[in-house]
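Welcome! Please take a moment to look over the sequence and turn the 3D view around, and then we will walk through it together.

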Amino acid sequence: MVILVYTGDMNILNFDLNLYKPFVAVYENKNITKAAEKLIITPSAVGMRIKELERQLGIKLFTPHARGVHPTKEADELYAKINPALASIIGAGSTLVELSSESTGVLRIGCQVNIAMYYLADIISEFILAYPKIKIEIHHESRPKMSEMLARRELDIVISKLPFKDPFGNFVIETLIDLPKGFYATEKFLKANNLSRVITREQLFGTRIILASKIRSDIQMLMSALGQNINSSIEIAGGNEFIYEMIRRHVGIGYVNECCVNENDGVVSVTVSGVKLPQFNLGVVYNKDDASKIINEFIKMLKSGISN
């Protein structure tokens, strides 16, 4: 176990909190030059602040490495403790004390595109009618990126498929609804390929399959359920929208969220006999200590809107 020993006068009034921002930047980038670029200061200024922080704490934080620096065990422990606290300070300015129709501020929501399109539009419309002076930002990022941003208090809420990574154990993760996902094709494509709405694995593997990138966790779970890798004819690094467009154009059998499917397009569900497809949930995630009135009100509207 690593125990940090702090030396000198540790009175908070004597603390220079500006020393910790360079520390976090260097720790996350493992490189002083890259950290300086993000902070828009010189590498020498970053180096000086790291040395001063080491002097104040009486510990070594980084050691030289071939491509930059390598954090010490003490730096690992310091980062785990200081990053959530520093992020709270940075995000404190956007916290709303009172909630009324006159409330002002920014609500920063992380949500992937397809989920935002199909689940958030009505809820956001209702919310801004009730609180017209609150600015809403929607950030479309990958789940790992949104986890990092939420931990750094760069987001207030994330709406995402579960499971959701919690790097420091600081998140509240609540399940909202099931998020069905499956194989879909047009009747025209099935007929042209002599297929019915219920097919075997061999028939699936023998036809044109449209998938998202195989590095995604949901696709890896799908391949595990099918018992083998899928040699997809079309692999799309992106959201469900383009996959669905390819399905709608009779290109092949695609694996997408049910919420994307419009029956008026002639798109139908395709069952692979003997295969239990992975189950997914949609959830809302936020920091334990950041549940302001505005966040609670939005989550309340979110739960009500989705359940209806």
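## A hairpin to begin with

In strand β2, H70 is the residue that stands opposite T63. T63 belongs to strand β1 (residues 62-65), which runs antiparallel to β2 (residues 68-71) and is joined to it by four bridges. Two residues make the hairpin connection from β1 to β2.

Some vocabulary will help here. Helices (H or I, at least four residues) and strands (E, at least two) are DSSP runs, numbered from the N terminus. Two strands pair if DSSP finds at least two bridges between them.

## What kind of model this is

This is a predicted model, in which local features need pLDDT of at least 70 and side-chain atom pairs count only at pLDDT 80 or more, while totals for chains, interfaces and linings use all residues. Residues are numbered from 1 along each chain as its sequence is written, and side-chain values use heavy atoms, with hydrogens and water left out.

The predictor's confidence in each residue is its pLDDT, from 0 to 100. The protein chain has an average pLDDT of 85, and 87% of the residues score at least 70. Confidence is highest in strand β8 (residues 198-199), at a mean of 97, and lowest in strand β10 (residues 234-236), at 76. Over residues 1-13 the pLDDT stays under 50, and the model has 20 contacts beyond four places in sequence for them (a contact means heavy atoms within 4.5 Å). Residues 93-97 also have a pLDDT below 50, with 10 contacts in the model beyond near neighbours in sequence. Where pLDDT is low, the predicted coordinates should not be read in detail.

## The whole chain

The protein chain contains 11 helices and 13 strands. It has 308 residues, of which 44% count as buried. Buried means under 20% relative accessible area, exposed over 50%, and partly exposed in between (1.4 Å probe, protein chains only).

About 16,300 Å² of the protein chain is exposed, and carbon and sulfur atoms supply 52% of that area. Such areas come from the Shrake-Rupley method with a 1.4 Å probe; for residues, only the protein chains shown count as cover. Among contacts between residues at least 6 apart in sequence, 72% join residues at least 24 apart.

## A sheet of five strands

Five strands form an open sheet with mixed pairing, in the order β4-β3-β5-β13-β6. At its edges are β4 (134-139) and β6 (171-178), each of which pairs on one side only. Strand β3 (residues 105-111) pairs with β4 in the parallel sense over six bridges, and V106 stands opposite K135 in β4.

## A sheet of six strands

Six strands form another open sheet, again with mixed pairing, in the order β8-β12-β7-β11-β9-β10. β8 and β10 each have a single partner strand, so one side of each is left without a neighbour in the sheet. β7 and strand β12 (residues 267-272) run antiparallel and are joined by four bridges; the bridge partner of A185 in β12 is V268.

## Two residues, two settings

Is T186 buried or exposed? T186 lies in strand β7 (residues 181-186), and it counts as buried because its relative accessibility is 1%. Its side chain reaches the backbone nitrogen of F189 at 3.1 Å. Leaving out residues up to four places away in sequence, T186 touches I247, R248, H250, D265, G266 and V267.

S233 sits in the loop between α9 (217-226) and β10. With 47% relative accessibility, S233 counts as partly exposed. Leaving out residues up to four places away in sequence, S233 touches T207, R208 and I209. From C-alpha to C-alpha, S233 and V251 are 9.8 Å apart in space, and they are 18 residues apart in sequence.

## Two helices and what follows them

At the N-terminal end of helix α2 (residues 32-39), N31 acts as a cap: a side-chain oxygen lies 2.9 Å from the backbone nitrogen of T33. After α2 comes I40, with a positive phi near 60°.

Which residues of helix α6 (residues 143-151) are buried? They are R143, M146, S147, M149, L150 and A151. An α-helix has 3.6 residues a turn, so residues three or four places apart point the same way. Just after α6, R153 takes a positive phi of about 60°.

Note on methods: Polar contact = N/O pair within 3.5 Å; in protein donor to acceptor, adjacent residues only side chain to side chain.
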